[in-house]
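Here is a friendly set of exercises to work through with the model open beside you. Try each task before you read its solution.

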Amino acid sequence: MRTIRLLDGATVPALGQGSWMMGERADRRDDEVTALRTGIDLGMTLIDTAEMYGEGESERVVGAAIAGRRDDVFLVSKAYPQNASRTRLTRACEASLERLGTDRLDLYLLHWRGSVPLRETVEAMAALVAAGKIMRWGVSNLDRDDMEELVAAGGTDCATDQILYNLTRRGPEHDLLPWLASHDIPVMAYSPVEQGRLLGRPALAAVAAARGVTAAQVALAWLLAHEGVIAIPKAGRAEHVRDNRAAADLALTPEELAKLDRAFPRPRAPVPLEML
């Protein structure tokens, strides 16, 4: 498994696990816990969740999956923007820690930008680091102008920007991705297969059929071919996790990458960062 180096020298796997929509159905909980544990066994030890997902139920599923294996996992969660103030972020973090059954987060993210000034969020994150509740912090869904403001507000320790990025969402390649690379800030790409909507695209299916792999594996391999990109697909079943893990070993050829580039061209000009 290829790894990505963070600003402070820590390394994480380039292919992790998402948990969006986990915990929303009780009849799927056992399968979801098994899926996450399977991913850990396969080296997909970065697990991303958020207090927003199922209003904390996703964090509870993740907590069940990592029980007894906390030290094997790089654990990420995210705070609502309204909780990103000096007075509320500590309480939000502690609630997430309780649901996850742990005493610390490896990475804590601002889920998206709200009305709380970025400088205040930076200070609140730094206080959580000093208290040992989080090891490092980052952001999600911030565009280049937001990132520039974040750094100007003292956020030079930002560890990542988690964004919507896949074959059909290539707008960040114009300005955000180069800016992040110039500041040594890795990208964490959520919805790497566009919640399944990518899988029926003929060009993607053609590349997959020629290689004897799945369309999802090709879409993930395309992301993983980019330097400084961490992909966090969500899989609710163990067999789906195994399929995702195989994508980390799939090296697309220059010809295949060119074919995908033609089929999924990036926008001609910069566009505002998209969100799901």
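## Exercise 1: Helix 2 and its surroundings

In helix 2, the residues Ser58, Glu59, Val61, Val62, Gly63, Ala65 and Ile66 are buried. Buried here means under 20% relative accessible area, exposed means over 50%, and partly exposed is in between, with a 1.4 Å probe and protein chains only. Helices (H or I, at least four residues) and strands (E, at least two) are DSSP runs, numbered from the N terminus.

Before going on, a note on the model: it is predicted, local features need pLDDT of at least 70, side-chain atom pairs count only at pLDDT 80 or more, and totals for chains, interfaces and linings use all residues. Residues are numbered from 1 along each chain as its sequence is written, and side-chain values use heavy atoms, with hydrogens and water left out.

**Task.** Find out what the buried residues of helix 2 pack against.

**Solution.**
- Step 1: Start with the burial. Seven of the ten residues of helix 2 are buried, so this helix is largely enclosed by the rest of the structure.
- Step 2: List the contacts, meaning heavy atoms within 4.5 Å. The buried residues of helix 2 pack against helix 1, strand 3, strand 4 and helix 3.
- Step 3: Look just past the end of helix 2, where glycine 68 takes a positive phi of about 80°.

## Exercise 2: The geometry of helix 1

**Task.** Compare the span of helix 1 with the span expected at 1.5 Å a residue, then describe what covers its buried residues.

**Solution.**
- Step 1: The expected span is 1.5 Å times one less than the number of residues. Helix 1 covers residues 29–41, which makes 13 residues.
- Step 2: From first C-alpha to last, helix 1 reaches 19 Å, close to the expected 18 Å.
- Step 3: Pick out the buried positions of helix 1: Glu32, Val33, Ala35, Leu36, Thr38, Gly39 and Ile40. As background, an α-helix has 3.6 residues a turn, so residues three or four places apart point the same way.
- Step 4: The cover over these buried residues includes strand 3 (46–48), helix 2 (57–66) and helix 9 (238–247).
- Step 5: Glycine 43 follows helix 1, and its phi is positive, near 95°.

## Exercise 3: A lysine in strand 4

**Task.** Is lysine 78 buried or exposed, and which side chain does its own side chain meet in a polar contact?

**Solution.**
- Step 1: Locate lysine 78 in strand 4, residues 74–79.
- Step 2: Its relative accessibility is 0%, so lysine 78 counts as buried.
- Step 3: Leaving out residues up to four places away in sequence, lysine 78 touches ten residues' worth of neighbours to look up, including Asp48, Tyr53, Tyr108, His111 and Gln162.- Step 4: The side chain of aspartate 48 is the partner, in a polar contact of 2.7 Å with the side chain of lysine 78. A polar contact is a pair of N or O atoms within 3.5 Å; within protein, one must be able to donate a hydrogen and the other to accept it, and residues adjacent in sequence count only if both atoms are side-chain atoms.

## Exercise 4: Salt bridges

**Task.** How many salt bridges does the structure hold, and which parts does the pair of arginine 99 and glutamate 59 tie together?

**Solution.**
- Step 1: Apply the rule: a side-chain nitrogen of Lys or Arg within 4 Å of a carboxyl oxygen of Asp or Glu. The structure holds 24 salt bridges.
- Step 2: In one of them, arginine 99 meets glutamate 59, with the closest N and O atoms 2.6 Å apart.
- Step 3: Arginine 99 lies in helix 3 (residues 89–100) and glutamate 59 in helix 2, so the pair ties together parts that are 40 residues apart in sequence.
- Step 4: Check the burial of this pair: arginine 99 and glutamate 59 are both buried.
- Step 5: For another case, take glutamate 256 and arginine 211, whose closest N and O atoms are 2.7 Å apart. Glutamate 256 lies in helix 10 (residues 254–263) and arginine 211 in helix 7 (residues 202–211), so this pair ties together parts that are 45 residues apart in sequence.
- Step 6: Glutamate 256 counts as buried at 11% relative accessibility, whereas arginine 211, at 33%, counts as partly exposed.

## Exercise 5: Aromatic pairs

**Task.** How many aromatic pairs are there, and what is the geometry of tryptophan 20 with tyrosine 53?

**Solution.**
- Step 1: Rings of Phe, Tyr and Trp (its six-membered ring) pair if their centres lie within 6.5 Å; planes under 30 degrees apart count as stacked, over 60 as edge-to-face and the rest as tilted. This rule gives three aromatic pairs.
- Step 2: Tryptophan 20 and tyrosine 53 are stacked, at 6.2 Å centre to centre with 20° between the planes.
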